Amino acid sequence: MSGEYDDLKRRMDGAIAAFKHDLASLRTGRASSNLLDAIQVQAYGTTMPINQVANVSVPEPRMISVSVWDKSMVGAVDRAIRESNLGFNPIVDGTNLRIPLPELNEQRRKELVKISHGYAENARIAVRHVRRDGMEFLKKAEKDGDISEDDHRKRSDQVQKLTDEMISTIDHLLSDKEAEIMQV
């Protein structure tokens, strides 16, 4: 079972990592190159992350610079940034896009908090799906006679405890991000 438990933990950790990545992409008033990580660009007949068609940098605290490698992709990158729910208005300058970060107003802060709650709920759902898989595995193992009823109960408790820890971690990360967003 320890192999299965490790696999469940690894999958739950993956959900937490994805959640952290989503939170990092939310704008809090300071420029960061990973604010654009979630943006997908229509390029060469497929969809790809922005960092595969351009170099993203932060030349100053309230400015993001995007240097597009292929001149024909500038329009697609500009469109992808504008259509994202991040509220950016890039200024196109040749193959470079400058994205000034305006001060966040109260309404936008509340919107970002709402988005972060959505990310948290997705992470919780992912963790619960992993928990369900673990519980089904244990149920099947007991039915097949691989583990006893007592083992099943003990291991179910372990899976539930792991799930509770992961949900708690998600809630903690969410409250930290909320405080960061609402900080003026």
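**Close-up views of a predicted model**

**View 1. Lys140 pairs with Asp144.** Lys140 is exposed, at a relative accessible area of 53%. The structure shown is a predicted model. The partner of Lys140 in a salt bridge is Asp144. Their closest N and O atoms are 2.8 Å apart. Asp144 is partly exposed, with a relative accessible area of 44%. Why do the two residues fall into separate classes? Exposed means over 50% and partly exposed runs from there down to 20%, so the 53% of Lys140 counts as exposed, while the 44% of Asp144 counts as partly exposed. Side chains of opposite charge can pair when their charged atoms come close.

**View 2. Arg132 and Asp133 belong to a network.** The side chains of Arg132 and Asp133 form a salt bridge, with N and O 3.5 Å apart. Arg132 is partly exposed, at 40% relative accessible area. Asp133 is also partly exposed, at 27%. Look beyond this pair to find Arg11 and Glu136. Salt bridges link Arg11, Arg132, Asp133 and Glu136 into a network. Across the model, the count comes to 15 salt bridges.

**View 3. Helix H4 carries a salt bridge one turn long.** Helix H4 covers residues 149-182 and holds both Glu165 and Lys161. The two residues sit four places apart, about one turn of the helix. Glu165 and Lys161 form a salt bridge, and their closest N and O atoms are 3.7 Å apart. Glu165 is partly exposed, with 42% relative accessibility. Lys161 is exposed, with 54%.

**View 4. Arg124 is a charged residue in helix H3.** Arg124 lies in helix H3. Is Arg124 buried or exposed? Its relative accessible area is 13%, so Arg124 counts as buried, under the 20% limit. Its side chain makes a polar contact with the side chain of Glu121, at 2.9 Å. Leaving out residues up to four places away in sequence, Arg124 touches Ile167, Ile170, Asp171 and Leu174.

**View 5. Strands help to cover helix H2.** Helix H2 spans residues 74-83. Which of its residues are buried? They are Val74, Ala76, Val77, Asp78, Ala80 and Ile81. Their cover includes four strands: E1 (40-43), E4 (63-68), E5 (91-93) and E6 (96-100).

**View 6. Two domains meet.** Domain 1 takes in residues 1-24 and 104-181, and domain 2 takes in 31-98. Four residues from domain 1 and six residues from domain 2 make the contact. Between the C-alpha centres of the two domains the distance is 32 Å. The size of an interface is often given as the accessible area lost when the parts come together. Here, the area buried between domain 1 and domain 2 is about 410 Å². Carbon and sulfur atoms give 36% of that area.

**View 7. Domain 1 at the interface.** Which residues supply 74% of the area that domain 1 buries against domain 2? They are His21, Ala24 and Arg108, and no other three residues supply more. How many salt bridges cross the interface of domain 1 and domain 2? The rule finds zero. The count of residue pairs in polar contact between the domains, both at pLDDT 80 or more, is also zero. On the side of domain 1 that touches domain 2, helix H1 (2-24) and helix H3 (106-143) each supply at least two residues. This side of domain 1 has two nonpolar residues, one polar and one charged.

Note on methods: Residues numbered from 1 in each chain as written. Predicted model: local features only at pLDDT ≥ 70, side-chain atom pairs only at ≥ 80, totals over all residues. Heavy atoms only, no water. Domains from an automatic or database assignment. Contact = heavy atoms within 4.5 Å. Buried area = accessible area lost by both parts, 1.4 Å probe. Salt bridge = Lys/Arg side-chain N within 4 Å of Asp/Glu carboxyl O. Polar contact = N/O pair within 3.5 Å; in protein donor to acceptor, adjacent residues only side chain to side chain. Nonpolar A, V, L, I, M, F, W, Y, C, P; charged D, E, K, R; others polar. Buried < 20%, exposed > 50% of the residue type's maximum accessible area, 1.4 Å probe, protein only.
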